[in-house]
Amino acid sequence: MRIYAKFIIAITIFTILVILYSNPKTAINIKSKILSSSHVATAPPDDKTESKVSIWISVTKIDRGHLLTKFRKFFKSLISHRGKCRAIFELNVITDNASRPTVDSVIYEFSKQYKETLLTLIHYDFQDVLKLVESKIEPLKRFFQSSKGSYYSDDVFYLSPALHLVAPNSLDKAIVVDVDTAFQSTICDLHNVFDNFTNTQLFGLAPELSPVYHHILWKWRNYRGDKYKTQPHINLNGLNSGVLLSYLERIRKSAEYDRLISPEWISSVVQKYLFKGHLGDQDWYTLVSYEHPELIYRLSCGWNRQLCTWWKLHGYADTFDSFARCTEKVHLYHGNCDTPIPPE
């Protein structure tokens, strides 16, 4: 019986070794970070010195709607548009236990097709992340949630402003993307945009390409008088958080950030603009851009080419195209409000 057991163990080890070494060019390093409110797993000491691009994405409830299709498209676009970039892609996936096997299967499937990709995959448990950030995102949920049970009421839409509490302290910069995006250029070019930040800028976002904030601000414009009614809308278009550059190192040290994320500041600026938001963290970034534009780097619309046309069918047929105009080269499509992304 013992000999048979040893034989089974030997066969199992041999099979694992064959799987690991039959594809030597494919490098996938998998880590799991189990988080609690009192501890975040520390990254290896040399993490900060590696040439890497840190990418963050939240994928939960993948069995609902078309999330699996969206994630497949996102991940394939990420590694297929690697270009000449040789940095390690550190993919940080915030997910739940039910979604993780599906997420991993997609990553393994496409990593086999693009063997030159060097990928580190790190899992974060969604519930543990929430415990870490709940005090920071509670004001966002209070002021920027339309109604419980609505699409944007999910906690996943409030995480990014507090990402510095989740990421290891050795990580200084991060790119956060929505699952309904698809790269058309290498993400390394997007990461290089950090080099263009001024000394004061904490976040990088592209403009919102719909009239949603023009619509939200109608009370404020009427209250402020006629000069605001005719003011060009470009300065009030707001921002879209489907793609976010987050300068984590600066955010951790910023007293101004702490003030702006406080319920007192959010309450005051919401009252000032008579602002009733419903788009989660995006509403907060937009209000920060109104009051403190020096903290925001304005990404090219080509790095977040939003495709949603909902507002064109709901009261803005005549003016929608002026809001949605983007003449820049498209580096990334954002299929928001379930809009299909053009095939390549």
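**Buried strands, packed helices and two cores**

Strand S4, which covers residues 118–125, is mostly tucked away, with seven of its eight residues buried. This picture comes from a predicted model. S4 doesn't sit alone: strand S3 (residues 88–95) pairs with S4 in the parallel sense, and seven bridges link the two. One of the matched pairs is Ile94 with its bridge partner in S4, Tyr124.

Another set of strands is found further along the chain. Here, three strands make up an open sheet in the order S6-S11-S10, and the pairing is mixed. Strand S6 (181–183) and strand S10 (305–306) are the edge strands, so each pairs on one side only. S10 and strand S11 (residues 332–334) run parallel and are joined by two bridges. Arg305 can be found opposite Tyr333 in S11.

Now for the helices. Helix H12 (residues 281–291) has 10 of its 11 residues buried, so the rest of the structure largely encloses this helix. The buried residues of H12 are Asp281, Gln282, Asp283, Trp284, Tyr285, Thr286, Leu287, Val288, Ser289 and Tyr290.

One partner of H12 is helix H11 (residues 263–272): the axes of H11 and H12 come within 11 Å and cross at roughly 75 degrees. Angles from 65 to 115 degrees count as roughly perpendicular, and that is why H11 is described as roughly perpendicular to H12. Where the two helices meet, H11 brings Trp265, Ile266, Val269, Val270 and Lys272, while H12 brings Trp284, Leu287, Val288 and Glu291. Sorted by type, the residues of this contact between H11 and H12 come out as seven nonpolar, two charged and no polar.

Two residues of H12 turn up again in the nonpolar interior. The largest nonpolar core has 57 residues, and those touching the most other members are Trp56, Phe144, Phe203, Phe275, Trp284 and Leu287. Helix H4 (residues 126–143) supplies the largest share of this core, with eight residues. Apart from this core lies another one of 41 residues, with Ile79, Val106, Cys188 and Phe197 among its members.

Leu287 is worth a look of its own. Leaving out residues up to four places away in sequence, Leu287 touches Phe144, Trp265, Val269, Val270, Tyr273 and Phe275. Among these, Trp265, Val269 and Val270 are also on the list of H11 residues that meet H12, while Phe144 and Phe275 are among the core residues that touch the most other members.

Note on methods:
Residues numbered from 1 in each chain as written. Predicted model: local features only at pLDDT ≥ 70, side-chain atom pairs only at ≥ 80, totals over all residues. Heavy atoms only, no water. Buried < 20%, exposed > 50% of the residue type's maximum accessible area, 1.4 Å probe, protein only. Helix = DSSP H or I, 4+ residues; strand = E, 2+ residues; numbered from the N terminus. Core = buried A, V, L, I, M, F, W, Y, C linked by side-chain atoms within 4.5 Å. Contact = heavy atoms within 4.5 Å. Axes fitted to C-alpha atoms, helices over the stretch in contact; angles between N-to-C directions. Parallel < 35°, antiparallel > 145°, perpendicular 65-115°, else oblique. Nonpolar A, V, L, I, M, F, W, Y, C, P; charged D, E, K, R; others polar.
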